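User: Please take a close look at the largest pocket in this model. What lines the pocket, and which parts of the chain supply the lining?

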Amino acid sequence: MLEEIGVFRGFLCRRTLKLKINDYCSEDKPHTIGLPQGSVSSLILFSIFIQDMIDTDTNLKPLQYADDVTILFNSKDSQTLCSQINIIAATVHQWLLRWPLKLNCTKTIFNVF
């Protein structure tokens, strides 16, 4: 168990970033938030992290791939459907505030079928 924790600690800690523009290259700066891009481990860790974003019930069907989440709603009447959507929107909003994450509004779409 301690060995696995050490692997993740090594993966997440003591990371640095450097900015390069044309011929300019900055000094290494500590990078203390987020997950390394392009790693399978990052996808798994992020999936675990957002698992509690939405408590599922029988009418709610969240689907997730990497950092994208789709929520499917099903209802026989529009009033119930609107109520479900508003409740989940408020839940997601509170979750984002709790874990200082930002929703990419340019990638957020609402479709009704």
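Analyst: What follows describes the pocket, then an aromatic pair and a surface patch. The model is a predicted one, and every value here is computed from it.

The largest pocket has a volume of about 1900 Å³. Its lining is made up of 45 residues. Those that lie nearest the centre of the pocket are D67, D68, V69, L103 and T108. By class, 29 of the lining residues are nonpolar, 12 are polar and 4 are charged.

Three elements each supply at least two residues of this lining: helix α2 (40–49), strand β6 (68–73) and helix α3 (78–98). Of the elements, α3 gives the most, with 8 residues.

Two of these elements, α2 and α3, are also linked by an aromatic pair. The count of aromatic pairs in the model comes to 3. In one of them, the rings of F49 and W95 have their centres 5.4 Å apart and their planes at 65°; the pair is edge-to-face because planes over 60 degrees apart fall in that class. F49 belongs to helix α2 and W95 to helix α3, 46 residues apart, so the pair links distant parts of the chain.

A separate feature is found on the surface. There L19, I21 and Y24 make a nonpolar patch of about 320 Å². Of these residues, Y24 lies in strand β3, which covers residues 24–25.

Definitions and conventions: Residues numbered from 1 in each chain as written. Predicted model: local features only at pLDDT ≥ 70, side-chain atom pairs only at ≥ 80, totals over all residues. Heavy atoms only, no water. Patch = residues over 30% accessible without salt bridge, like charges linked within 9 Å, V, L, I, M, F, W, Y side chains within 5 Å. Areas by Shrake-Rupley, 256 points an atom, 1.4 Å probe, with all protein chains shown as cover. Salt bridge = Lys/Arg side-chain N within 4 Å of Asp/Glu carboxyl O. Helix = DSSP H or I, 4+ residues; strand = E, 2+ residues; numbered from the N terminus. 1 Å grid on protein atoms, 1.4 Å probe; cavity = no way out; pocket = protein on both sides within 12 Å on 5 of 7 lines; lining within 4 Å. Points joined across faces, edges and corners; volume = space filled by probe spheres on them. Nonpolar A, V, L, I, M, F, W, Y, C, P; charged D, E, K, R; others polar. Phe/Tyr/Trp six-rings, centres within 6.5 Å; stacked < 30°, edge-to-face > 60°.
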